[in-house]
Amino acid sequence: MFQRARLMLTASYAAALALTLGGIGVASYVLIRDDLESEIDRSLRAAQEQLDSVDILPTPTAVPDPTPPGGDDREDHEDEEHHDDDDDAARLALLSSDVFYVAFAADGTVIANPRRVNLEGVDLARVAAEADGDELQRADGEHGHFRLAVSQLDDGSFLAVGRSLRLVEHQLETLRMVFLVGGVIGLVVSLGAGFGLAGRTLTPIRRALESQQQFVSDASHELRTPLTVARANNALLLDEPEATIESRLDQAEAVAAELDHLSVLVGDLTTLARADEGRANLLLEPLDLAALVDEVVRDMGALADVHGVSLVSEIAPARVRGDRARLRQLVVILVDNSLKYAAEHGTVRVALATDGRGAELSVTDDGPGIAPAEQKRIFERFYRVDSERTRSKGGTGLGLAIGKWITEAHGGRIAVESAPGRGTTFRVRLPLA
Ligand code: ADP
């Protein structure tokens, strides 16, 4: 599925780039071509005006032999028998070297072609017929294409001032090649880069989806276990309907314990699902964190007694902006864990202190500690270091995941410091109000 999405994304990138490159290429090509053509047209008009300004009529001349194919269109003026050298020289002197002129009759017979331009294949009769004082013409011959500015002379013959299009065509050809090769290279590079980029874009989405799928499968597994245990115990109870509850207290208590576990689990799952959807709206208000921590410590005193652990605290005043219920839940999670894992007759210390930058809550126990490799994973959902032992302690494996979410939703950070056999400290840093 992700491979297909990656290919689709790559194709979309490439298509967008191809369209952009193509658009820019075509637009630049058309602009440059129009520019080159209008430069030719301007030079021809200027040449035509200059020739008009001198009153020298073309001298009849022999039709020059076409130059051999592949030869230059124009050749240096050479002396000819029927040619008026002075008049032609005077006209040519007015023109730049890339401009030529030809005089011809209405039937296309060449009267003068002093630059000896090879006009083979050019239909001069048609040029004469289409001559219009304003419009420039294009004429195609066997040895090249020409742009002509044609005017009719007083004696009925025609004078065409022209330029070969060979150079412009060559320039445009080069431009097309550059655009084509550049476009193909750009496209290939963008396909490669797009493929890499699509992979990078999709990786976090794939990971999120995988972790979501993992979460759903872990959740259903976690829900199934207490349900199975409760059903089995319930079945045992139903086997002997006449027995008293007192005589089957073990099974009755097991059913109740599994139902309790289920309701805690469902509560935790709901919290995380809301957090994932961004629906767990926090009611942020300035609050007395010291009073809140103190209250939790007092409330959990009875639980500490049940565990045979002494719960001590050292609380300095601290005010933060936070959601009272969520912060209470965070402190309960940490203290509850420490009470569960503290050494027999051990001590759990809760401390709240502030420095210039924030408030720091630490919960320390003298329990078994957590190995470094496990420390990275205990904040993951459903991760338990020793799943059977911790489940028997009533844990869902979601407490620290919820604690981490609550801390981060308040702009804080949570960290664990521990070593096997040397106890554990959880530290939560929160910004001050
Ligand atoms: P649980 O509901 O199982 O306690 P948590 O997310 O709160 O789940 O904790 C994840 C795991 O981290 C626990 O199963 C336990 O293995 C480990 N852990 C948490 N707190 C402590 C602690 N204070 N000392 C040792 N291990 C701990």
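This tour proceeds through selections to make in the viewer, with a note on what each one shows. The model is predicted, and residues are numbered from 1 along the chain.

**First stop: the antiparallel sheet**

Begin by selecting strands S2, S1, S5, S4 and S3. These 5 strands form an open sheet in the order S2-S1-S5-S4-S3, with antiparallel pairing. At its edges are strand S2 (110–112) and strand S3 (136–141), each of which pairs on one side only. From one strand to the next, the twist averages 40 degrees. As a general point, the strands of a sheet pair through backbone hydrogen bonds, either parallel or antiparallel.

Next, restrict the selection to residues 99–104 and 158–164. The former are strand S1 and the latter strand S5; the two run antiparallel and are joined by 6 bridges. Which residue of S5 does Val102 stand opposite? Display Val102 together with Ala160, for Ala160 in S5 is the residue opposite.

Now add residues 2–53, which make up helix H1. Helix H1 lies across S1, S3, strand S4 (144–152) and S5, and runs at about 145 degrees to S5.

**Second stop: a nonpolar patch and helix H4**

Select residues 166–239 to display helix H4, where Val184 has its place. Then show the surface of Met177, Leu180, Val181, Val184, Ile185, Val188 and Val189, which make a nonpolar surface patch of about 650 Å². Is Val184 buried, partly exposed or exposed? Val184 counts as partly exposed because its relative accessibility is 48%, and the partly exposed class lies between under 20% for buried and over 50% for exposed.

**Third stop: helix H5**

Select residues 249–277, the extent of helix H5, and pick out Glu253 within that helix. Glu253, at 48% relative accessibility, also counts as partly exposed. Add Ala230 to the selection: Glu253 and Ala230 are 23 residues apart along the chain, and their C-alpha atoms are separated by 9.6 Å.

**Last stop: the mixed sheet**

Finally, select strands S7, S9, S10, S12 and S11. These 5 strands form an open sheet in the order S7-S9-S10-S12-S11, and the pairing is mixed. The edge strands, each pairing on one side only, are strand S7 (310–315) and strand S11 (413–418). In this sheet the twist averages 15 degrees from one strand to the next.

Focus on residues 358–365 and 424–431, which are strands S10 and S12; they run antiparallel and are joined by 8 bridges. Ser362 has Arg427 in S12 as its bridge partner. To finish, add residues 399–409: this is helix H11, which lies across S11 and S12 and runs at about 25 degrees to S12.

How values were computed:
This is a predicted model: local features need pLDDT of at least 70, side-chain atom pairs count only at pLDDT 80 or more; totals for chains, interfaces and linings use all residues. Side-chain values use heavy atoms; hydrogens and water are left out. Two strands pair if DSSP finds at least two bridges between them. Helices (H or I, at least four residues) and strands (E, at least two) are DSSP runs, numbered from the N terminus. Axes are lines fitted to C-alpha atoms, for helices over the stretch in contact, and angles run from 0 to 180 degrees between N-to-C directions. Contact means heavy atoms within 4.5 Å. Patches are made of residues with over 30% relative accessible area and no salt bridge: like charges are joined within 9 Å, nonpolar side chains (Val, Leu, Ile, Met, Phe, Trp, Tyr) within 5 Å. Accessible areas come from the Shrake-Rupley method with a 1.4 Å probe; for residues, only the protein chains shown count as cover. A salt bridge is a side-chain nitrogen of Lys or Arg within 4 Å of a carboxyl oxygen of Asp or Glu. Buried means under 20% relative accessible area, exposed over 50%, partly exposed in between (1.4 Å probe, protein chains only).
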